[in-house]
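Student: Please take a close look at one part of this model, the place where the two chains meet, and then set it in the context of the chains around it.

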Amino acid sequence: MENTTQPLLFLNDILKEINKKDKLHFKRINSNIINVKKNFPLEFEELLDLVFNYYNFVHLSPNQISNDYLKMINDYRIDGLYFYKHGKYRCENQQMAYKNVYSNSEIMSYYMNALLISQILWKHHFNIYMYFQSQLKVLFNNSEKLKVLDVGPGHGFFSYLVKKNFTQYEKMDLVDISETSLLMTKKIIGYDEDKIKYFNKDIFLFDETNKYDFIVLGEILEHLDNPKEILLKLANLLNKDGMFWITTPTNSPAIDHVYLFNNKEEVLELVKSAGLEIVDSKSFIAEDVDEETANKKRITNLVGLFCKKK
Amino acid sequence: MERFEITQKINTIFVDVLDNEDIVITENTIANDVEEWDSLTHIQLVVAIEKYFKIRFTSKEIQSWNDVSEMITCIQEKGI
């Protein structure tokens, strides 16, 4: 009999609702979940617990979550149609993203709820957490007293994994321009005496004089008009031997994606052009195809990379 | 255009977009019959069908399709 913990029952209820309302999409995520559960059973339950606790805290039912999630999927459908027809993202710049998405509380509400559940429903999202966690153990000594900065943490899963694997961390600063998003991060990461601090501000106005050993920039570059700018800013906040973790998707139409990376190489080139040296990188394709096919068919490839200052 | 003829054209599009020469589409085909037909490839199929027949669907129309029969009806409603 399948494990029937409360989070799993809750997830099954969400999936049932999705199946009822959008069979085609259910087909897609169901095969993802089978894959992820099989490959990472313990980790899947761990991240599911985080998601479940958050939804419980904000009193969201499986029905409401499925509605929010499918609204996002419908947005993706519209943006995807535009992207495949015109070869570019529908949202032209940050200003448009602000006007259409970030300043609209109704859209932000369903979008944030939907993005959270997508972290466990989409295998490329889930797999990148597993790669991140395994490389953390290779690249760092787990007794290191790391000073960590997470920019635009959203759900905060990357910092959660840092906190879990480096119990001796010295401090963790999390900076987000969106208060709504930061509330979600706070609930998921929590507090640890005075070691964890949350800052509701624009990273370009973040005036931290201390340098960091590890900076996390998860799925931010694609939201910016000029992604190189933030890399230069953050490279200044990095210790001489500090490490940077960056993720960003290629060919990923969404209501607030502005900067289009056509392939993994374009991501790596941008990072190098900001004076950074790639230490390790891996990418995760949203479908079961090879990289050549993904590039040709413009299928999302989620790139994750560790880099250092040259 | 007759439904059978539209089905044949759609078959060619499915084979091309889903990159699988073994796919055989009939009017009774549902999404579960074709492994690669999911919500993501669905968008690519729609774009290819629009391009081939020179028609435009609304987002509401494409959201509701779960089988080939609905797809053909929608194409015919566009005057094809």
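Tutor: Two residues are counted as in contact here if their C-beta atoms, placed from the backbone, lie within 7 Å. The model is a predicted one.

By that criterion, A:Ile73, A:Arg77, A:Gly80, A:Leu81, A:Tyr84 and A:Lys85 in α4(A) meet B:Ser39, B:Ile43, B:Gln44, B:Val46 and B:Val47 in α2(B). Sorted by class, the residues of this helix-to-helix contact are 6 nonpolar, 3 polar and 2 charged.

The geometry of the pair is as follows. Helix α4 of chain A covers residues 62–86 and helix α2 of chain B covers residues 39–53; their axes lie 9 Å apart and the helices pack at an angle of about 40°. That angle makes α4(A) oblique to α2(B). The crossing of α4(A) and α2(B) is right-handed.

The helix pair belongs to a wider contact between the chains, which takes 15 residues from chain A and 14 residues from chain B. On the chain A side, α2 (23–39) and α4 each supply at least two residues. The most comes from α4(A), with 8 residues. By class, the side of chain A that touches chain B has 6 nonpolar, 3 polar and 6 charged residues.

The other contributor named on that side, α2(A), also packs within its own chain. Helix α1 of chain A (residues 6–21) and α2(A) have axes that come within 6 Å and cross at roughly 140°. The two helices α1(A) and α2(A) are therefore oblique to each other. In this contact, A:Leu15, A:Ile18 and A:Asn19 come from α1(A), while A:Lys23, A:His25, A:Phe26, A:Ile29 and A:Asn30 come from α2(A). The residues of the contact of α1(A) with α2(A) comprise 4 nonpolar, 3 polar and 1 charged.

Now the chains themselves, beginning with the partner. Chain B has 4 helices and 0 strands, and its elements run α-α-α-α from the N terminus on. The radius of gyration of chain B is 11 Å, close to the 12 Å that the globule rule gives for 80 residues, so chain B is as compact as a globular protein of that length. Its C-alpha trace spans about 30 × 25 × 20 Å along the principal axes.

Chain A has 12 helices and 7 strands. With a radius of gyration of 19 Å, close to the 19 Å given by the globule rule for 310 residues, chain A is likewise as compact as a globular protein of its length. Its C-alpha atoms fill a box of roughly 55 × 45 × 35 Å, taken along the principal axes.

The strands of chain A remain to be placed. An open sheet of 7 strands has the order β3-β2-β1-β4-β5-β7-β6, with mixed pairing. Its edge strands are β3 (196–199) and β6 (276–285), each paired on one side only. From one strand to the next, the twist averages 15°. At the β6 edge, β6(A) pairs with β7(A) (residues 301–309) in the antiparallel sense over 9 bridges, and A:Phe284 stands opposite A:Leu302 in β7(A). Helix α7 of chain A (residues 123–139) packs on the sheet, touching β5 (238–250), β6 and β7, and its direction makes about 25° with that of β7(A). Helix α10 of chain A (residues 227–235) also packs on the sheet, touching β1 (147–151), β4 (212–218), β5, β6 and β7; its direction makes about 155° with that of β5(A).

Methods. Residues are numbered from 1 along each chain as its sequence is written. Chains are lettered from A and ligands numbered from 1 in the order in which they are written. This is a predicted model: local features need pLDDT of at least 70, side-chain atom pairs count only at pLDDT 80 or more; totals for chains, interfaces and linings use all residues. Axes are lines fitted to C-alpha atoms, for helices over the stretch in contact, and angles run from 0 to 180 degrees between N-to-C directions. Angles under 35 degrees count as roughly parallel, over 145 as roughly antiparallel, 65 to 115 as roughly perpendicular and the rest as oblique. A crossing is left-handed if the near helix is turned anticlockwise from the far one by less than a right angle, and right-handed if clockwise. Ala, Val, Leu, Ile, Met, Phe, Trp, Tyr, Cys and Pro count as nonpolar, Asp, Glu, Lys and Arg as charged, and the others, Gly among them, as polar. Two strands pair if DSSP finds at least two bridges between them. The radius of gyration is taken over C-alpha atoms; the globule rule is 2.2 Å times the number of residues to the power 0.38.
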